[in-house]
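Here are my notes on the structure below. Please keep the sequence and the view open as you read.

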Amino acid sequence: MKDARDKQRWEITKLLSDPNKAVRKSEIKKPAEFREPSAREWNSNIQSSTAGAGSGEFHVYRHNRRREEMRQEYLAAKTEEEEKKEIFELKMKSAQEETDAKAAKNRKKRQRAKLRKLQAREEDASEKAASKGGKTDQKTSNSTNKTSEESKLDKDDESSSEKQEEIDSKSN
């Protein structure tokens, strides 16, 4: 290959030689990321464009200034990114707490409905037993156990909500 034209001609003929073959797409460029500057944190040799400086001093000053500006941009971008990350984490934490509270409330509501349904079935069974001749089933004796279970659930829910309130007050 003599020059760029020959190289391009060769690439095109290679691509057109097999039209069924897939053509590779160029990679998608990622946005430029700020990388940590290699410059020192503190530049003790500060120069400036002043009268009496040699002809090469301005270029040294200009390069130092550019490096310092890049370092400042990097630090600003890094702090902004950390602030955004903190805000995001706070929002996620508050959203998670809200969903947990809502789920606990709904769970408690479902458990109460389930217990009420069980108690209603037991009452119906006890009424049927009473109408048949006063026979008592084991189900009627279990009704007292269910009410004690319901009170345990209520106490557990109250204690867990109190613990959650204590945790929230400590975090604030």
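How accessible is R65: what is its relative accessibility, and how does the residue count? The answer is 38%, and R65 counts as partly exposed. The points below build up to that residue and go on from there. Please remember throughout that this is a predicted model.

1. **Overall make-up.** Start with the elements. The protein has 3 helices and 0 strands. Read from the N terminus, the order is α-α-α. Two of these helices come up again below: helix α1 covers residues 4–17, and helix α2 covers residues 57–132.

2. **Burial and surface.** Now look at how much is covered. The protein has 172 residues, and 6% of them count as buried. Its accessible surface is about 16,200 Å². Carbon and sulfur atoms hold 51% of that surface.

3. **Contacts along the chain.** Take the contacts between residues with a separation of 6 or more. In this set, 56% join residues that are 24 or more positions apart.

4. **A nonpolar patch.** Find I12, L15 and L16. Together they make a nonpolar patch of about 310 Å² on the surface. L15 belongs to helix α1. Its relative accessible area is 49%. L15 is therefore partly exposed, as the exposed class begins over 50%.

5. **A salt bridge in helix α1.** Stay in this helix. D6 pairs with R9 in a salt bridge, and their closest N and O atoms are 2.8 Å apart. Both residues lie in helix α1. They are 3 residues apart, which is about one turn of the helix. D6 has a relative accessible area of 21%, so it is partly exposed. The cut-off matters here, because buried means under 20%.

6. **How many salt bridges?** What does the count of salt bridges come to? It comes to 4. The D6–R9 pair is one of the salt bridges. Two further pairs follow.

7. **R65 and E69.** Back to the opening residue. R65 forms a salt bridge with E69, with the closest N and O atoms 4.0 Å apart. Both sit in helix α2, 4 residues apart, or about one turn of the helix. R65 is partly exposed at 38% relative accessibility. E69 is partly exposed too, with a relative accessible area of 44%.

8. **E68 and R71.** Another pair meets in helix α2. The side chains of E68 and R71 form a salt bridge of 2.9 Å, N to O. These residues are about one helical turn from each other, because they are 3 residues apart in the helix. Is R71 buried or exposed? R71 is buried, at 9% relative accessibility. E68 has 32% relative accessibility, so it counts as partly exposed.

9. **A negative patch.** Last, look for a group of glutamates. E81, E82, E83, E86 and E89 gather on the surface as a patch of negative charge. E86 lies in helix α2. E86 has 52% relative accessibility. That value is over 50%, so E86 counts as exposed.

Note on methods: Residues are numbered from 1 along each chain as its sequence is written. This is a predicted model: local features need pLDDT of at least 70, side-chain atom pairs count only at pLDDT 80 or more; totals for chains, interfaces and linings use all residues. Side-chain values use heavy atoms; hydrogens and water are left out. Patches are made of residues with over 30% relative accessible area and no salt bridge: like charges are joined within 9 Å, nonpolar side chains (Val, Leu, Ile, Met, Phe, Trp, Tyr) within 5 Å. Accessible areas come from the Shrake-Rupley method with a 1.4 Å probe; for residues, only the protein chains shown count as cover. Helices (H or I, at least four residues) and strands (E, at least two) are DSSP runs, numbered from the N terminus. Buried means under 20% relative accessible area, exposed over 50%, partly exposed in between (1.4 Å probe, protein chains only). Contact means heavy atoms within 4.5 Å. Lys and Arg count as positive and Asp and Glu as negative; His and the chain ends are not counted. The place of a charge is taken as NZ of Lys, CZ of Arg, CG of Asp or CD of Glu.
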